[in-house]
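Could you walk me through this structure, stopping at the places that a structural biologist might like to look at? A friendly tour in a few paragraphs would be ideal.

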Amino acid sequence: MSRLFAAMVSLAGVGDAQPNLKSTVLGLIAASILVLQGCATAPARLSAVPRELTTKAEVPGMPGVRYVAGIDSPQLMQAAFESLEREQEYRAREEQKGPMPAAVYAAISGGGDNGAFAAGILNAWTETGTRPVFKLVTGISTGALIAPFAFLGPKYDATLKEVYTTLSPKDVMKPRSFLGGVLSDGMADNAPLLRLTRKSVTEDLLKEIAAEYAKGRMLLVATADLDARRGIIWDMGKIASYGGPSALDLFVKVMVASASVPGGFPPMMIDVEVDGKPYQEMHVDGGIVAQVFAYPSVIRVKEEAASMGVSRERKLYVIRNARLDTEWAQVERSTMSIAARAVTSLIQSQGIGDLYRIYATAQRDGVDFNLGFIPASFNAPHKEEFDNEYMRALYDTGYQMALKGYPWVKAPPGFTLPSTAAAAK
């Protein structure tokens, strides 16, 4: 998400070594969009869900598979209760006695081809023999593409490594002509990414996810409903539990939607219905709502679990596929260069803000917070999106750091909470 402008420039065929031409092309993109708005023929779609009906929309045949961020918290809380009940039932069936094991959560952020960092960490974590079975895995954008494989564990390490070390631009997108992109719904066609995802996400994989869902584990992915301008959290384990071609199709669409940068790639159109009447929702990159998420702050995990008589240790691992330090660059005195720099700065700040919120929530709930992010020392050249050499270098960085025992940070940089004594005053 943070490289939206750079990606659009790449699609227009302009390299990083041509800053003046880059600004010109970006300016032409913006100007052409304004000029051609009245005559463009956008791809057809069914009607969007009317504003007053948005809270009633459901996926046909699969009710209750998603939650509106910030609105459906009671429903998400109920889903968490049900996952705990499934876990307890599974332990009883397997005659697992003793205290509940630690609940370990993993939150994987967006970051485009920076997802190679998370892939490297996960694979090396397996190599050390200390990788936990995650109770909850969440993902946004590139994190959404990683999350199902991280959820299923070491069996899919080879898949993650292959995707994030051998992927090339042609495997992800098919550039459209400049005019074709402006007149359509994205500067590139993401059909290659859709094909790649359909190849990796099979009915057998969904059955594996459904089996883990039945044990009380949760897999959540976030997208953004562009019509309603709201974040949507998808319960991917519940989708998998429905099974069949429709569930597989929805599962894939949600993954790709979460990684579809608006303007750069076409949105995913998801069919829904209200009282039997069909509509379509337009879903795009969840990164326009948040860069990373764990669970809504309104859910008080420790208190809610205690109400069910459950006491357990909880750990959270957040993998931020980005650097947290500011990257210096001389900005051209031109409209598009200034705008591009401002947008990337805004996204970086949003990502840090997400970490602050997650950390504060974890502290409140007694969850052990652990943060990993791309180190400031990493400086491999990045020639284009999905640059093989860049991704391999970043994968190796994450891998080597984790192989030595990843130096998880216990709080976001610069974050401090007031002491109890200070708060009392």
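**A walk through the model**

Let us begin in the loop between H3 and strand S2 (103-108), where Glu-95 lies. The model is a predicted one, and the backbone at this residue deserves a look. Phi of Glu-95 is near 55 degrees, a positive value in a residue that is not glycine. Most residues other than glycine have a negative phi. The side of the story that concerns solvent is simple: Glu-95 counts as exposed because its relative accessibility is 64%, and exposed starts over 50%.

A second residue with a positive phi is Ser-141, at about 60 degrees, and it is not a glycine either. Ser-141 sits in the loop between strand S3 (136-140) and helix H5 (142-152). Is Ser-141 buried or exposed? With 4% relative accessibility, Ser-141 counts as buried, because the limit for that class is under 20%.

From here, step back into strand S3, which holds Thr-138. Thr-138 is buried too, at 1% relative accessibility. What does the side chain of Thr-138 reach? Its partner is the backbone oxygen of Phe-293, at 2.5 Å.

Now for the aromatic rings. The model has eleven aromatic pairs. One of them joins Trp-125 and Phe-134 in an edge-to-face arrangement, with 5.7 Å from centre to centre and 70 degrees between the planes. This pair counts as edge-to-face because its planes are over 60 degrees apart. Both partners are buried: Trp-125 has a relative accessible area of 8%, and Phe-134 has 2% relative accessibility. If you follow the ring pairs outward from these two, you find a cluster that links Phe-117, Trp-125, Phe-134, Tyr-317, Tyr-406 and Trp-408.

Rings also meet charges in this model. Arg-86 lies over the face of Tyr-213, at 3.8 Å from the ring centre. In another such arrangement, the charged end of Arg-217 sits over the ring of Phe-151, 4.1 Å from the centre of that ring.

Next, the empty space inside. Rolling a probe the size of a water molecule over the atoms shows where such space is left. In this model the count comes to four cavities of 30 Å³ or more. The second largest cavity has a volume of about 350 Å³. Of the 20 residues that line the second largest cavity, those closest to its centre are Ala-80, Ser-83, Tyr-105, Met-218 and Val-301.

Which elements each supply at least two residues of this lining? They are helix H3 (73-93), strand S6 (218-225) and helix H13 (301-306). H3 gives the largest share of the lining of the second largest cavity, with six residues. As for character, the residues of that lining divide into 15 nonpolar, one polar and four charged.

Our last stop is Gly-414, in the loop between helix H15 (388-403) and helix H16 (420-424). Gly-414 is exposed, with a relative accessible area of 76%. Where might you look for a residue that is remote from Gly-414 in sequence? Try Tyr-356: the two are 58 residues apart in sequence, and their C-alpha atoms are 9.5 Å apart in space.

Terms used:
Residues numbered from 1 in each chain as written. Predicted model: local features only at pLDDT ≥ 70, side-chain atom pairs only at ≥ 80, totals over all residues. Heavy atoms only, no water. 1 Å grid on protein atoms, 1.4 Å probe; cavity = no way out; pocket = protein on both sides within 12 Å on 5 of 7 lines; lining within 4 Å. Points joined across faces, edges and corners; volume = space filled by probe spheres on them. Helix = DSSP H or I, 4+ residues; strand = E, 2+ residues; numbered from the N terminus. Nonpolar A, V, L, I, M, F, W, Y, C, P; charged D, E, K, R; others polar. Phe/Tyr/Trp six-rings, centres within 6.5 Å; stacked < 30°, edge-to-face > 60°. Buried < 20%, exposed > 50% of the residue type's maximum accessible area, 1.4 Å probe, protein only. Lys NZ or Arg CZ within 6 Å of the ring centre and 35° of its normal. Polar contact = N/O pair within 3.5 Å; in protein donor to acceptor, adjacent residues only side chain to side chain.
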